[in-house]
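Hello,

Here is the structure I promised to pass on to you. Have a look at it first, and then read on for what turned up in it.

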Amino acid sequence: MSEKVIVKREVLLDQCTKIFVAAGMRQDEAAVVADNLVAADQTGMDSHGVMRVPAYTKRLRDGGTLPHSEIEVVRETPTTAVIDGHNGMGQVVSKFAMEKCIEKAKKCGVAFVAVRGSNHFGMASYFTRMALEHNMIGMCSTSPAAHLLAPTGGVEPILDNNPFSFAIPAGKEYPVVLDMATSVVSRGKLASAAKRGDKIPTTWAMTIDGEPTDDPKLGFDGILLPVGGYKGYGLTVISGVMAAMLSNAALMSRDICDFYVDTDKEQNIGHLFGCIDIQVFCDVDDFKHRMDEMIDEIHNCRKAPGVDRILLPGERSGRTADKNAVEGIPLNETVFKDLNDVAVSYGLQPIQQG
């Protein structure tokens, strides 16, 4: 098992920003990518956290992703837009798109923004949560970034696990935030398990030959299993279609470039962002009060043996983020070392433990 290293959020954010600047990014854009990754670790979603820094910098170095974004709005109405990220960093392109979506929803009540020419955008809920402070419901989906899943009945990974997210505000309670891939776990979870030296459940993945495995490396190089069997397969198709077809991003297997393997190739990932301004449907305070009532009812459901508390989507990550904001963010020792190795390779000082 890998030991944990505790790093203060501001230290981790500063270091990651410096690394991306050293890799050729502009300061403001580097800060966006760094904030997205650090936020993932802060909420406990380490599969989408700073462990991705080596892969991101490799893509920047190999030319698969451009360090400077040239974002273009190619089609627009009062409630919609299509954006071409022209191969900029996914977090930068997506933040721009969600900000535009919020802006349009403020004027018209609802809005959708489709994106093409993007890259891996990190933690999906980072963007849907942006809607919460505007008393809006945020949503997003993203199209393939790798060959990870097989269709039900197949043993060839021609699909991805196309994550999607919804964020819904509440009053005194934590907002309800769903952020999930359509596989049982994300590929990053397998990478995290491998770094820790852990085995994985055989329900997470199978080998490239279609055999169950508890080896995270074989699973990482093999085929992820969809959540709920054929239902997860259906979700991945729908999420991919929504994110890619409207924007003309890559969706077919022949057009998908692997995030980790094809580091010198443009991915053309698509996203779809949506916002619903609650006030055009009902009173915001009343909505939040009713959300709190619903959350309380779920909390107070009769519990199964051994269960201390029933949680809603996003509650655990919210509590974890609050805790880590005070105590610092725990990183696996191998992730900490990898991050420092990247920093040193760019002539930066490594973070010191403690």
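**Around phenylalanine 20**

Not counting neighbours within four places in sequence, phenylalanine 20 is in contact (heavy atoms within 4.5 Å) with Met25, Ala30, Val33, Ala34, Leu37, Val53, Tyr56, Thr57 and Leu60.

Before going further, a note on the source: this is a predicted model, where local features need pLDDT of at least 70 and side-chain atom pairs count only at pLDDT 80 or more, while totals for chains, interfaces and linings use all residues. Residues are numbered from 1 along each chain as its sequence is written, and side-chain values use heavy atoms, leaving out hydrogens and water.

**The cores**

Phe20 also appears in the largest nonpolar core, which has 43 residues; Leu12, Cys16, Phe20, Val50 and Val53 touch the most other members. Two or more residues each come from β1 (4-7), α1 (9-22), α2 (27-42), α3 (53-62), α6 (187-196), β11 (329-332) and α11 (333-345). The largest share, 6 residues, belongs to α2. A second, separate core has 25 residues, among them Ala39, Cys101, Ala105 and Cys275.

On the terms: a nonpolar core is a set of buried Ala, Val, Leu, Ile, Met, Phe, Trp, Tyr and Cys residues joined through side-chain atoms within 4.5 Å. Buried means under 20% relative accessible area, exposed over 50%, and partly exposed in between (1.4 Å probe, protein chains only). Helices (H or I, at least four residues) and strands (E, at least two) are DSSP runs, numbered from the N terminus.

**Two helices side by side**

How are α3 and α11 placed? They pack at an angle of about 30 degrees, with axes 9 Å apart (lines fitted to C-alpha atoms, for helices over the stretch in contact; angles run from 0 to 180 degrees between N-to-C directions). α3 is therefore roughly parallel to α11 (angles under 35 degrees). Val53, Pro54 and Thr57 in α3 meet Asp338, Leu339 and Val342 in α11.

**A buried loop residue and the cysteines**

Isoleucine 256 sits in the loop between α8 (230-244) and β10 (269-277), yet is buried, at 6% relative accessible area. Leaving out residues up to four places away in sequence, isoleucine 256 touches Pro144, Ala145, Ala146, His147, Ile158 and Leu251. The C-alpha atoms of isoleucine 256 and alanine 145 are 6.5 Å apart, although 111 residues separate them along the chain.

There are 0 disulfides (pairs of cysteine sulfur atoms within 2.5 Å) in the structure. For cysteine 282, the closest cysteine sulfur is in cysteine 275, 16 Å away and so too far for a bond.

Best wishes

Key. Parallel < 35°, antiparallel > 145°, perpendicular 65-115°, else oblique.
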